[in-house]
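Let's work through some exercises together, with the structure open beside you. Try each task on your own before reading the solution that follows.

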Amino acid sequence: MAEEFDYIVVGAGSAGCVLAARLSEDPSVRVLVLEAGGRDWMPLYRVPMFAGILFRKRYNNWNYRTEPEPGLDGRRLNWPRGKVLGGSNQINGMVYTRGHRLDYDGWRQMGCTGWSYDDVLPFFTRSEDFQGPDADHHGKGGPLTVRPGRATAPLYDALVEAGAQAGYPVTEDFNEPEREGFGRYHFTIRDGRRWTTAQAFLKPAMGRPNLTVRTGCHTTRVAVERGKAVGLHYRSKGRMHEVRAAREIVLSGGAIASPQLLLLSGIGPADGLRAAGVPVVHDLPGVGENLHDHLVARLQYACNAPVGIYDELRLDRAAWHAVNALVRRRGFGTDFALQGGCFIRTRPELAAPDIQLNFVAAMKPVTHLPFAKPGPDGGHGFYAGVHMTVPESRGRLWLASDDPFAPPRIHANYLATEGDRRTMRAGVRALREVFRQPAIARYIERERAPGPDVESDADLDAWIRSVGDTVFHPVGTCRMGADDMAVVDPRLRVRGIEGLRVADASIMPVINGSNTNAPTIMIAEKAAAMIAEDRESAARNPAS
């Protein structure tokens with residue numbers, strides 16, 4: 001006989017950890033979490049400074065690769081996704097930004113009732129324990145610690161001052177509803193440690209007798225009987241297992257794994273399923289479509305003085321910073337290098353910013369040997385990652401075969417529209433103008449990338465194609481909506497299949513105009529509340 005739980009959550013990442021913790025707050029329900037990755041045992045996960053190293057390592061992520069991207073000179077991009085308890089939240093940059101009010105009001109206008117900014121704000125604040133000034137748009141006392149960055153390198157202040165000199169606003173809080181201008185980011189860091197949803201939500205809940213968490217369990221298929229999701233098949237330690245769900249299954253594997261599991265279960269576009277050798281259970285054409293991501297092009301500038309963090313990344317100092325952060329929870333290692341940034345409009349008629357900047361006070365934030373001669377990307381300087389907040393281009397994801405352990409095929413389709421190419425060009429030009437302002441120009445020796453000779457539209461396009469990269473924000477592949485291409489409805493129920501929901505970044509109809517981790521946590525909070533509402537409604541009206 002297969003085991004049975006009331007709710008099964010697939011994936012213990014940013015969303016799944018929140019969802020499992022919230023669902024298990026009701027002691028009358030039994031909750032199971034299945035995570036394909038392992039435990040978050042490694043001490044370096046805790047050190048914020050090492051975020052840039054973690055996502056490059058194979059042992060803790062899925063290491064997906066895109067198909068050759070025509071808009072990027074046919075290059076294939078690496079798409080790291082967390083394969084560990086905590087998911088991508090365990091290897092990301094810990095930046096906490098929610099997006100603009102209009103992001104969510106736009107979702108509502110697309111037919112996603114209940115997802116306007118005013119609707120979702122309570123779910124942002126419910127999670128949050130903000131270590132900053134009280135504000136109506138922040139929460140206090142929640143599980144997720146959020147605090148302002150604390151790095152003191154002169155370049156970060158120079159960036160904000162230069163933005164003001166260029167005529168842009170200065171903001172103390174990128175999480176204001178109509179955020180715009182230059183400032184410092186907030187981070188999910190607590191007492192000098194990375195503070196993931198696994199740490200904040202799941203682990204405190206794991207002592208509950210009604211919550212079971214299993215790692216190393218790779219889910220291969222959702223079992224559907226007479227139009228209802230009734231259980232899951234998964235592999236653990238080389239053996240296949242089956243588990244049943246008395247109430248619901250919730251997929252929280254992210255924008256890659258959630259649509260992949262639907263497709264492997266025969267839920268998706270019928271022609272594509274047949275081509276992969278998967279029997280069609282339910283023809284749902286939107287599964288895997290609407291894939292989009294933030295594309296970044298990184299400007300690099302050499303500096304004439306040690307005003308950044310290059311010296312702190314020297315191998316011996318980096319080792320000390322790691323020890324100091326782990327043992328004493330103090331010092332440089334307790335922060336992340338991506339401290340400064342902006343949200344700006346490249347055209348005054350826009351209702352919201354169309355460009356975001358990620359600013360790091362080093363040209364290449366990796367360790368280097370003492371007394372070693374800097375390479376072409378080394379030495380004192382900074383990089384400025386320019387990306388558009390809401391790309392027009394859409395890609396797709398599909399199965400390479402019916403093998404549940406083979407990665408899916410991913411085509412992000414970057415820069416497929418002239419609007420996206422125009423926005424990226426305008427963003428590069430706008431930031432170059434900021435870097436000509438006295439506050440930061442006094443530190444600049446020269447522009448290394450793209451270089452002062454790259455000025456025309458054609459030359460900028462060519463440079464962006466050659467260096468464009470992911471910001472690690474894929475979304476949209478199980479799109480929420482009310483039309484025929486929507487995969488889930490506004491209550492995140494998979495259309496046409498009873499007892500099955502998706503709750504993660506894959507449900508976003510349009511990407512939020514900032515980092516995606518905070519909105520993913522919000523989605524899980526809202527999903528848990530809707531599931532509890534539906535359970536209570538069913539208890540009051542058993543006949544329905």
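**Exercise 1. Decide whether Arg 465 is buried, partly exposed or exposed, then find its salt-bridge partner.**

Solution. Keep in mind that you are looking at a predicted model.

Step 1: Arg 465 has a relative accessible area of 30%. Buried means under 20% and exposed means over 50%, with partly exposed in between, so Arg 465 is partly exposed.

Step 2: The partner is Asp 73, and the closest N and O atoms of the two are 3.1 Å apart. A salt bridge asks for a distance within 4 Å.

Step 3: Now place both residues. Asp 73 sits in the loop between β3 (64-65) and β4 (78-79), while Arg 465 belongs to helix α12 (residues 457-467), so this pair ties together parts that are 392 residues apart in sequence.

Step 4: Asp 73, with a relative accessible area of 46%, is partly exposed as well.

**Exercise 2. Which elements does the salt bridge between Glu 225 and Arg 244 tie together?**

Solution. Step 1: Start with the contact itself: the closest N and O atoms of Glu 225 and Arg 244 are 3.2 Å apart.

Step 2: Glu 225 lies in strand β12 (residues 217-225) and Arg 244 in strand β14 (residues 239-251), so the parts they tie together are 19 residues apart in sequence.

Step 3: Check the accessibility. Glu 225 is partly exposed at 34%, and Arg 244 is partly exposed at 24%.

Step 4: Zoom out. Across the whole structure, a search finds 41 salt bridges. Some of these share partners: Glu 418, Arg 421, Arg 425, Arg 429, Asp 457 and Asp 461 are joined into one network in this way.

**Exercise 3. Compare the end-to-end distance of helix α5 with the span you would expect.**

Solution. Step 1: Helix α5 (residues 154-165) has 12 residues. The rule is 1.5 Å times one less than the number of residues.

Step 2: The helix should therefore span 16 Å, and its end C-alpha atoms are 16 Å apart, which agrees.

Step 3: Look for the covered residues. In α5, the buried ones are Leu 155, Tyr 156, Ala 158, Leu 159, Val 160, Ala 162 and Gly 163. As you look at them, remember that an α-helix has 3.6 residues a turn, so residues three or four places apart point the same way.

Step 4: After α5 comes Gly 167, with a positive phi near 100 degrees.

**Exercise 4. Which strands pair with β18, and what stands opposite Phe 343?**

Solution. Step 1: Find strand β18 at residues 338-344; it is mostly covered, with 7 of its 7 residues buried.

Step 2: Strand β7 (residues 181-184) pairs with β18 in the antiparallel sense over 4 bridges. Here Gly 181 stands opposite Phe 343.

Step 3: Strand β19 (residues 355-360) also runs antiparallel to β18, joined by 6 bridges. In β19, Gln 356 is the bridge partner of Phe 343.

**Exercise 5. What is the strand order of the open sheet of 3 strands with mixed pairing?**

Solution. Step 1: The order is β5-β6-β8. The edge strands are β5 (128-130) and β8 (186-187), each pairing on one side only.

Step 2: Strand β6 (residues 144-148) pairs with β8 in the antiparallel sense over 2 bridges, and Arg 147 stands opposite Phe 187 in β8.

Methods. Residues are numbered from 1 along each chain as its sequence is written. This is a predicted model: local features need pLDDT of at least 70, side-chain atom pairs count only at pLDDT 80 or more; totals for chains, interfaces and linings use all residues. Side-chain values use heavy atoms; hydrogens and water are left out. Buried means under 20% relative accessible area, exposed over 50%, partly exposed in between (1.4 Å probe, protein chains only). Two strands pair if DSSP finds at least two bridges between them. A salt bridge is a side-chain nitrogen of Lys or Arg within 4 Å of a carboxyl oxygen of Asp or Glu.
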